[in-house]
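Dear colleague,

I am handing over the structure we spoke about, with the sequence alongside. Please have it open while you read the notes underneath.

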Amino acid sequence: MRFNRMLLSVTLVIVALVIQVSVLARLHLPGAVPDLLLLTVLGLALVYGHVGGALVGFGAGLLADLAPPADHAAGRYALVLCVIGYLAGLAKPDNGQLKSATGPMAVVVAASIGSTLLYAGVGALVGDTAARHVGLGGLLFTAALYDLLLAPFVVPGIMALARRAENDPLADAGGSGKSTDVAAGWISSGTGLRIGSQRGGLRVKAAKARMARAGRIKGVKRL
């Protein structure tokens, strides 16, 4: 992934994790906890695609596994978010623009249910049966409900930030390795005009005008 993708993804994941641990986990809502980290991965995956979604999901999940007060095996949530990010990235629209909110909302519900089931399944493989004692049905319902209510306030903003970073002319100019200045790169990327050729053409036109003016002056003197 490019540097601007990595920087934005790391920043958003850290902010989401801090809010998740310090605010949402302390609300003591019945059932599951609203998963802001999952919504962040979904928003980035819908812009970056399945490969970017898998990488962001793995990094976000691994960070959640290592951050306190995590009480499960390291790598468990990394596997879950890696799979969810990959699958969500497959739903990325071809033109990058969403025609309606139905698709993303369906992705959020499917990801909430899928991540809960996958997390419980991986826990069962390593001997963690906490989800069985809490009630898997209640966890599935509350996880989908909380994430669906929180998604309209999170996913569109994440996608907008990711698209803006993707279309940043400063980042494109810096990555190309050309020695053009920032102002020229900004104007040329926004208008499609070649600033260098325009400057050269103006110089040629100015030189021709001076020559023509000098010729007219010489003609007047000869008369």
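What follows is an account of what was found, going from the overall fold to one helix and then to single residues.

Please keep in mind throughout that this is a predicted model. The secondary structure of the protein consists of nine helices and zero strands, so that the order of elements from the N terminus reads α-α-α-α-α-α-α-α-α. Of the 223 residues in the protein, 35% are buried, and the protein exposes about 13,400 Å², of which carbon and sulfur atoms supply 67%. Among the contacts with a separation of 6 or more, 72% join residues that stand 24 or more positions apart.

The largest nonpolar core contains 36 residues, and within this core Leu37 and Leu42 have the most contacts. Two or more residues come from each of α1 (3-22), α2 (36-66), α3 (76-89), α4 (102-125) and α6 (136-166), with α2 giving the most, namely 14 residues.

Helix α2 therefore deserves a careful look, since 23 of its 31 residues are buried and it is largely enclosed by the rest of the structure. Although α2 has 31 residues, its end C-alpha atoms are only 17 Å apart, whereas a straight helix would reach 45 Å at 1.5 Å a residue. Where does α2 bend, and by how much? The bend is at Gly49, and it amounts to about 145 degrees.

At the N-terminal end of α2, Asp35 acts as a cap, with a side-chain oxygen placed 3.4 Å from the backbone nitrogen of Leu37. Leu37 thus appears twice in these notes, as the residue whose backbone nitrogen faces the cap and as one of the two core residues with the most contacts inside the core. If its neighbours within four places in sequence are left aside, Leu37 is in contact with Val13, Ala16, Leu17, Gln20, Ala60, Ala64, Tyr77 and Leu81.

The last residue I would point out is Arg76, which lies in helix α3. Is Arg76 buried or exposed? Arg76 counts as buried because its relative accessibility is 6%, which is under the 20% cut-off. A polar atom of the Arg76 side chain lies 2.9 Å from the backbone oxygen of Tyr119.

With kind regards

Notes:
Residues numbered from 1 in each chain as written. Predicted model: local features only at pLDDT ≥ 70, side-chain atom pairs only at ≥ 80, totals over all residues. Heavy atoms only, no water. Core = buried A, V, L, I, M, F, W, Y, C linked by side-chain atoms within 4.5 Å. Buried < 20%, exposed > 50% of the residue type's maximum accessible area, 1.4 Å probe, protein only. Helix = DSSP H or I, 4+ residues; strand = E, 2+ residues; numbered from the N terminus. Contact = heavy atoms within 4.5 Å. Polar contact = N/O pair within 3.5 Å; in protein donor to acceptor, adjacent residues only side chain to side chain. Expected span 1.5 Å × (residues − 1). Bend = angle between axes of the 7 residues up to and from the residue. Areas by Shrake-Rupley, 256 points an atom, 1.4 Å probe, with all protein chains shown as cover.
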